[in-house]
Amino acid sequence: MGAVTEPPPHLSLPERALLRAVVAHAGQRRKESAAPYVVHPTDVMKRVAHFGIRDDELLAAAALHDVVEDTEVTLDELRGEFGPRVAELVDRLSHDPERDGSKQRYLETIAAGPVDVLVVKLADRASNVDDYLMASPHYAPVYAAKATVIYRAILDRAAELESRLGPHIAGALAREARRLSAL
């Protein structure tokens, strides 16, 4: 899929990213609920903001986190439209079996990687788990358990998170990690 028409100039970076996600995921549906797919990246971006994150590039990456993995959009297109940091974050959030190996190895890499990527992955996993709680409650705990390495990383890296993001955000991340761990 090529670049979209130039968005209105008054839109913020996260709003432009969300618009791009809407276009990129057009016609796709969520497996869990059959809702339009764009509900998920919108939810992930909202969750990152709800944690207290105000970094526009990180919010944009949250909205775009699945576009390279699940659509025809390329990292080069994202780099041109949103800059190198957003493209790098999306790249780190995209599971590439050739690069990352198994899904578990991919989650381990994220758990040990940059805090920004870890924050988006926690929001992504929380969104998916909550979808499963609504659509397939019996499977939600099974799905949640597959990412314990992410929750453990949030809790184990609490001091780093507090230093980098502040106590309010670190606390919100820890609460979410504990909630998901308890399922």
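Start by selecting α1 and α5: the crossing of these two helices is right-handed, the label for a near helix turned clockwise from the far one by less than a right angle, with anticlockwise giving left-handed. Helices here are DSSP runs (H or I, at least four residues), numbered from the N terminus. Two packed helices are described by the angle between their axes and the distance between the axes. For α1 (residues 13–24) and α5 (residues 75–82), that gives about 150 degrees and 11 Å. The axes are lines fitted to C-alpha atoms over the stretch in contact, and angles run from 0 to 180 degrees between N-to-C directions.

Before you click on, keep in mind that this is a predicted model, in which local features need pLDDT of at least 70, side-chain atom pairs count only at pLDDT 80 or more, and totals for chains, interfaces and linings use all residues. Residues are numbered from 1 along each chain as its sequence is written, and side-chain values use heavy atoms, leaving out hydrogens and water.

Now show L64. Leaving aside residues up to four places away in sequence, L64 touches A17, R20, A21, L78, F82, V86 and V90, where contact means heavy atoms within 4.5 Å. L64 is also one of the residues that touch the most other members of the largest nonpolar core, along with I150, Y151 and L173. That core has 59 residues; a core is a set of buried Ala, Val, Leu, Ile, Met, Phe, Trp, Tyr and Cys residues joined through side-chain atoms within 4.5 Å.

Next, colour α9, residues 115–135. Of its 21 residues, 17 are buried, so α9 is largely enclosed by the rest of the structure. (Buried is under 20% relative accessible area, exposed over 50%, partly exposed in between, with a 1.4 Å probe and protein chains only.)

Last stop: the rings. Ring pairs link Y132, Y139 and Y143 into a cluster. Rings of Phe, Tyr and Trp (its six-membered ring) pair if their centres lie within 6.5 Å; planes under 30 degrees apart are stacked, over 60 edge-to-face, the rest tilted. Y132 and Y139 sit edge-to-face, 4.8 Å centre to centre with 75 degrees between the planes. Y132 is buried at 14% relative accessible area, while Y139 is partly exposed at 25%. Y132 and Y143 make a tilted pair, 4.8 Å centre to centre and 50 degrees between the planes. This pair links distant parts of the chain, with Y132 in α9 and Y143 in α10 (residues 140–145), 11 residues apart. Y143 is buried too, at 13%.
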